[in-house]
Structures are given as C-alpha cells and as structure tokens.
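Dear colleague,

I am passing the structure below on to you, together with some notes on its charged residues and its backbone. Please keep it open while you read, as the notes go from residue to residue.

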Amino acid sequence: MGWFNEPYRFNTSSLRIAHITDCHLFTDKADEYFGVNTAAHFEQALAHMATQALDGVIFGGDLTQDHSFESYLLFSELIHKSALTCPVFWLPGNHDEVAMLSRISGGQINSAKHIVANETELLLINSKGPTPAGWVSGAHLDEIADCLVQSSNDKLIFCHHNPLPINGYLDKHMLENGPQLLNVLVNSGNVSGLFHGHVHNEYEQSYRDLKVYATPASSVQFKKYSAQWLQQNCGPAYRMFYIDAQKARTSVKTEVVWLNG
C-alpha cells in the first residue's frame, strides 16, 4: 500500500486547519519534559483548537518522549476526551514509530496522508530516517513526485524535520536531503508552501520561491539562533491555516497561535 493511496476528501474549497506538533508525551500524564508537563500543554492546545471551528488537525510528529506505547494511548485518550470533533491526521517524527501510530488510528485519528479539498491538496510526508536526523527515501521521493503531477491543484506539504538550516542546535538533526526534496517540490510548479515541526519554535524561510514555515511545539520551545540546546517554557502553540481555493489560485493565510497560560 502506497503512502498516499487512501486520500481523505473534503467537499469544500475553503478549509480551517490546525498544525500541532512535538507534544513529547510520556506513559505517565504527570511526567515533565525540561520542566514542562507536556500532557497539560497538549490538553490546553486541544481545548483552544476545539473553539476554532476546524475542519481538521494535522499532528506533525514527535508524539512520544519515552517511546512507550502507553504514551501513544495517552495521545489518543487526550484527543478523544477533548471537545475537538474534527479528524486528526498524523505524520511521524524522529521519536515516533509508524506502526504504533497506525495502532491508535481509527475513527477520529485518521491515517490518510493525502487530503483533498477540491482545488487544494495537502500531502503529509514521512521524513523519519535511521537516526534523529531526517531522511526522505528515494522510493518516497518518487511517490511524492508522482502525487504532485497527478493534478494541477495547489499543494501544501507537511513533514517533521526542517529541510533548511535554522542556524541553531537542531541543525545537527535536520532533514539531510532537504534540498533534494525542496527541488522536487519547486520543480512541480504547484506547491504553495512546506510546513514542519522538529525545531520547537517559529520560523519563516524561503527556498527558491517556496515558502518554508516551522510551527512551534505544543510542549517546550528551543531558543532560536543558539548553538547550544536551550529550552524555554513559552506555553503551548500551534499554527492555523485558512485555505480558500475559490479564486484562480489558492489563497493560504497562516498564523501561529501562542497560548501563554
């Protein structure tokens, strides 16, 4: 079964989508990551997203910190106990296992990686490599290229790892073949932006004419432009998308929502 073979379809040209990433949950709901109760932060973000009349949520990876299956079950529990009613899609981070993410999928947690809304498509990419750094395999690059040319619709791309350096500590674990992926996207002529997590802060960059955005973590942020790994509790955050494809070209507006308690 190919990565993009089971699309999820919205019968609309306008979408409200949230991107939330890097929740770093544990088996124990009370456990902390660099002094932050990650489950409480995730619950706070879910509660706020539930007020936004969302069509869908994309989880951008690094669900688990302790790599236990119980942390995946906690993720599922927190979603199902929240007031959020829209589908939640996912892609893997370097901490995650696709097999475990698949085990908790079903119903509200949806495993589709190709989201279609009339003239706009969202592709969720697997950037998990054999090390904490990211790698998009040759076979997956071929899948991505094939999916890009199947229609002339505008595409938005989501992955976990940063494909461009952010001049910080996490560059040691960035997407190692990022330029190769970005060239595939740009050369298709129908990609409006790439969105990623992993770097635990907000960034906006460009590669050729392609916009590249980082979404902050729901857990803890990492200090920007620092060669040292420094953590900051800035409250949970997520990114909102307002997508409108009723014009000649898809309009995508995006903003980061910070929840500072």
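Glutamate 77 is a reasonable place to begin, since this residue counts as partly exposed at 33% relative accessibility. Please bear in mind throughout that the model is a predicted one. The side chain of glutamate 77 meets that of lysine 81 in a salt bridge, with 3.1 Å from N to O. Both residues belong to helix H2, which covers residues 69-81, and because they are four residues apart there, about one helical turn separates them. Lysine 81, for its part, is exposed, with a relative accessible area of 67%.

How many salt bridges does a search of the whole structure find? The search gives three, and the pair in H2 just described is one of them. As a general point, side chains of opposite charge can pair when their charged atoms come close.

Another of these bridges joins lysine 29 to glutamate 43, where the closest N and O atoms are 3.3 Å apart. This pair links distant parts of the chain, for lysine 29 sits in the loop between strand E2 (14-20) and E3, while glutamate 43 is in helix H1 (residues 38-49), 14 residues apart from it. Lysine 29 is partly exposed, with a relative accessible area of 36%, and glutamate 43 is likewise partly exposed, with a value of 34%.

The remaining bridge is formed by glutamate 204 and lysine 211, whose closest N and O atoms lie 3.7 Å apart. Here glutamate 204 counts as exposed at 52% relative accessibility, whereas lysine 211 is partly exposed, with a relative accessible area of 34%.

Apart from the bridges, there is a negative surface patch, which is formed by Asp28, Asp31, Glu32, Asp66 and Glu70. Of its members, glutamate 32 is found in strand E3 (residues 32-33), and at 47% relative accessibility this residue counts as partly exposed.

Finally, two backbone angles may be worth your attention. Alanine 53 has a positive phi of about 50° although it is not a glycine; this alanine lies in the loop between H1 and strand E5 (56-59) and counts as exposed, at 59% relative accessibility. Histidine 67, also a residue other than glycine, has a positive phi near 65°. This histidine is found in the loop between E5 and H2, and it is partly exposed, with a relative accessible area of 42%.

With best wishes

Terms used: Residues are numbered from 1 along each chain as its sequence is written. This is a predicted model: local features need pLDDT of at least 70, side-chain atom pairs count only at pLDDT 80 or more; totals for chains, interfaces and linings use all residues. Side-chain values use heavy atoms; hydrogens and water are left out. Patches are made of residues with over 30% relative accessible area and no salt bridge: like charges are joined within 9 Å, nonpolar side chains (Val, Leu, Ile, Met, Phe, Trp, Tyr) within 5 Å. Accessible areas come from the Shrake-Rupley method with a 1.4 Å probe; for residues, only the protein chains shown count as cover. A salt bridge is a side-chain nitrogen of Lys or Arg within 4 Å of a carboxyl oxygen of Asp or Glu. Lys and Arg count as positive and Asp and Glu as negative; His and the chain ends are not counted. The place of a charge is taken as NZ of Lys, CZ of Arg, CG of Asp or CD of Glu. Buried means under 20% relative accessible area, exposed over 50%, partly exposed in between (1.4 Å probe, protein chains only).
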